[in-house]
Amino acid sequence: MEQAQEPSPPEGDARPAPNFDKERARREQIDADLAELKLRRERGELIELETILSAVRSEYAVVRTRFGSLPGRLAAQIDPTRAIELQPIIADQVDDILRELSVDDDLAAQLDGDGEGCDGAADDTPLDAEADASPESDRVG
């Protein structure tokens, strides 16, 4: 007895026939991955991207403020008689440092600005919290 053959796609239709078992397995894997992410978030093993960005922005603001006042204070401490001359030299160095920080801030803006993370996921994409997530733990200043 001959086995029935699946009909071949019409001429010019190059789309492969759907593989329902493969698609079902893919969907089940996605569901399992989402359930694992949810569990890890509930256990405190993941941190929302916006939480990290907010902490970084806050710390950068503190650093910028502290560095901004440095040229005047340092120039007067180094040599009060030449403070006016030294202040712009120190300020240039401080500006260089702050520019480097702004590169990191630009990265944060890229991650946050268009609502997409580095892998194209939405803002609420959780990140692994392997290290201490407390913004106070590594406070600068």
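Reader: Leaving aside neighbours within four places in sequence, which residues is alanine 75 in contact with?
Author: Happy to start there, with the note that this is a predicted model. Alanine 75 is one of the buried residues of helix 2. Setting aside neighbours within four places in sequence, its contacts are Pro80, Ala83, Leu86, Gln87 and Ile90.

Reader: Which residues make up the largest nonpolar core?
Author: Nonpolar side chains tend to be buried together in soluble globular proteins, so a core is a good thing to look for. Here the largest one has 9 residues. They are Tyr60, Val63, Ala75, Ala83, Leu86, Ile90, Val94, Leu98 and Leu101.

Reader: Which helix gives the largest share of this core?
Author: Helix 2 (49-78) and helix 3 (83-113) each supply at least two of the core residues. The largest share is 6 residues. That share comes from helix 3.

Reader: In what order do the elements of the chain run from the N terminus on?
Author: The chain has 3 helices and 2 strands to place. Reading from the N terminus, the order is α-β-α-α-β.

Reader: Is valine 94 buried or exposed?
Author: Valine 94 sits in helix 3 and belongs to the largest nonpolar core. Buried means under 20% relative accessible area. Valine 94 has a relative accessibility of 5%, so it counts as buried.

Reader: Which residues does valine 94 touch, not counting those up to four places away in sequence?
Author: One hint is that valine 94 and serine 69, 25 residues apart in sequence, have C-alpha atoms 9.7 Å apart in space. Not counting residues up to four places away, valine 94 touches Phe67, Leu70 and Pro71.

Reader: Where does helix 2 bend, and by how much?
Author: Proline 71, one of the buried residues of helix 2, is a handy landmark. This proline follows the bend within four residues. The bend is at leucine 70 and comes to about 40°.

Reader: How far apart are the end C-alpha atoms of helix 2?
Author: Helix 2 has 30 residues, and at 1.5 Å a residue they should span 44 Å. The model agrees with that expectation, because the end C-alpha atoms are apart by 42 Å.

Reader: What span should helix 1 have at 1.5 Å a residue?
Author: Helix 1 covers residues 20-42, which is 23 residues. Its end C-alpha atoms are 33 Å apart, and this agrees with the expected span of 33 Å.

Reader: Which residue caps the N-terminal end of helix 1?
Author: Look for a side-chain oxygen 3.3 Å from the backbone nitrogen of aspartate 21. At the other end, just after helix 1, glycine 44 takes a positive phi of about 85°. The N-terminal cap itself is asparagine 19.

Reader: Which side chain does aspartate 33 join through a polar contact of 2.8 Å?
Author: Aspartate 33 lies in helix 1. At 37% relative accessibility, it counts as partly exposed. Its partner in the 2.8 Å side-chain contact is glutamine 29.

Reader: What share of the accessible surface of the chain belongs to carbon and sulfur atoms?
Author: Of the 141 residues of the chain, 16% count as buried. The accessible surface comes to about 11,100 Å². Carbon and sulfur atoms hold a share of 53%.

Note on methods. Residues are numbered from 1 along each chain as its sequence is written. This is a predicted model: local features need pLDDT of at least 70, side-chain atom pairs count only at pLDDT 80 or more; totals for chains, interfaces and linings use all residues. Side-chain values use heavy atoms; hydrogens and water are left out. A nonpolar core is a set of buried Ala, Val, Leu, Ile, Met, Phe, Trp, Tyr and Cys residues joined through side-chain atoms within 4.5 Å. Buried means under 20% relative accessible area, exposed over 50%, partly exposed in between (1.4 Å probe, protein chains only). Contact means heavy atoms within 4.5 Å. Accessible areas come from the Shrake-Rupley method with a 1.4 Å probe; for residues, only the protein chains shown count as cover. The expected span of a helix is 1.5 Å times one less than its number of residues. A polar contact is a pair of N or O atoms within 3.5 Å; within protein, one must be able to donate a hydrogen and the other to accept it, and residues adjacent in sequence count only if both atoms are side-chain atoms. The bend at a residue is the angle between axes fitted to the seven residues ending there and the seven starting there.
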